[in-house]
Amino acid sequence: MGERQVLFTKLSTLVATVEEFDRLTVEALPELLERATGHARRFLRDTGQWTDDISHEKLALRWGYELLERFLVCGRSEVPCRPFFLLDSIIAKYFSQPEPLCYHKDLLSPLGRFLEGITSRAVVSRDALMALFYHLYGLSQGQVVRILGLGAVESQRVYKNFERWRQTGWQRAVAESGVSETELRQIEDQKHRQPEQLKAEADRLIRLVQTHYRRSEPEHFSCLTNQKWADLFEQDYDYDYRVWHLALCRDCLIDVYDLRQDELAGIQSPQIDLRLRPLQKGGIVTLFWAKSGGGNGHAGGRSTQRLSGTSA
Ligand SMILES: [Zn+2]
């Protein structure tokens, strides 16, 4: 028996302990990913959504990663189990949800893939989560901090590694979503030629994608009433809820804006204003660095220099 064959046999055999499960899944990650991606590819074929090209391959691979992640997260609590069978059953369950995201053919358009790609990253990366405010509504960091009512400590916490998004995170999300440079240019071109049409299309897709991905975090899933939002801001608690839910819920973001309008002079109500590429300069960061630095204007100047120096 070849090495690969031995691994396949192990993956189909009962794993008795969590330690064994961890060891085996680490060793067999490529095989597990291959199997998950195969399921995704088959699903697309069976539902008439497959085309033999690189963007569909990338889409299948991305779903493969997502499915594998689900398996790794919940698999440990299913021990004892047969890893391959457990993976198959998790995937079958995923594809038989009442409304799996992949049924929506619209999401196979370049714009759909872009929006789904960055939103799916936002579920696992705070950089991506914070970036949504910019990519969907064109909001600067300073504006986001004010709308969300974040203090200096919170602002620094959520934007701490944001440079990473500009340098590698965005690239990775776009690569995984299978959107090519040509397609990005096409969307940008449409933004100039038919801005209203693009906005309407984005509005519909954003709603679809956000509703789907909010489910992945049940604790922060529910939309709050205006009263509850008002309490949350007045009593100054639950920053996580604000950040997570408002990044993934356009309706609540607008409600919160309306509610806090008096404190948001100079900021317009968040409208869809797609920005496909990350903001290259870190200039906006100065807004709150300078503020939190106790009026020390030089601190802001230094961070701008540092950021623009590294964001070539
Ligand atoms: Zn909401």
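**Exercise 1. Describe how helix H6 and helix H12 pack in this predicted model, and state which residues meet.**

Solution. Begin with the geometry: in this predicted model, helix H6 (residues 110-122) and helix H12 (residues 195-214) pack at an angle of about 35 degrees, and their axes lie 10 Å apart. Next take the handedness, for which H6 passes H12 in a right-handed crossing. Then list the two sides of the contact: H6 contributes Leu111, Gly112, Leu115, Glu116, Thr119 and Ser120, while H12 contributes Glu201, Ala202, Leu205, Ile206, Val209, Gln210 and Tyr213. Finally, sort these residues by class, which gives seven nonpolar, four polar and two charged residues for the contact of H6 with H12.

**Exercise 2. Work out which residues touch the most other members of the largest nonpolar core, and which helix supplies the largest share of this core.**

Solution. The core has 41 residues, and those touching the most other members are Leu115, Ile118, Leu129, Leu132, Phe133 and Ala247. Turning to the helices, those that each supply at least two residues of this core include H6, helix H7 (126-137), H12 and helix H14 (239-247). The largest share, nine residues, comes from H7. For a local view, take Leu129, which touches Ala122, Val243, Trp244 and Ala247 when residues up to four places away in sequence are not counted. A second, separate core of 14 residues also exists, and Leu32, Leu68, Phe71 and Ile90 are among its members.

**Exercise 3. Describe the packing of helix H13 against H15, including the residues that make the contact.**

Solution. Helix H13 (residues 226-234) and H15 pack at an angle of about 60 degrees, with 10 Å between their axes, and H13 passes H15 in a right-handed crossing. On the H13 side the contact is made by Asn226, Trp229, Ala230 and Phe233, and on the H15 side by Asp255, Val256, Leu259 and Arg260. Sorted by class, the contact of H13 with H15 has five nonpolar, one polar and two charged residues.

**Exercise 4. Characterise the protein chain as a whole, and identify where pLDDT stays under 50.**

Solution. The protein chain has 17 helices and zero strands, and of its 312 residues 33% count as buried. Among contacts between residues at least 6 apart in sequence, 72% join residues at least 24 apart. As for confidence, the mean pLDDT of the chain is 84, with 86% of its residues reaching 70 or more. Over residues 283-312, however, pLDDT stays under 50, and the model has 42 contacts beyond four places in sequence for this stretch. Where pLDDT is low, predicted coordinates should not be read in detail.

How values were computed: Residues numbered from 1 in each chain as written. Predicted model: local features only at pLDDT ≥ 70, side-chain atom pairs only at ≥ 80, totals over all residues. pLDDT = per-residue confidence, 0-100. Contact = placed C-beta atoms within 7 Å. Axes fitted to C-alpha atoms, helices over the stretch in contact; angles between N-to-C directions. Helix = DSSP H or I, 4+ residues; strand = E, 2+ residues; numbered from the N terminus. Left-handed = near helix turned anticlockwise from the far one by under 90°. Nonpolar A, V, L, I, M, F, W, Y, C, P; charged D, E, K, R; others polar. Buried ≥ 20, exposed ≤ 12 C-beta atoms within 10 Å, placed from the backbone. Core = buried A, V, L, I, M, F, W, Y, C linked by C-beta atoms within 7 Å.
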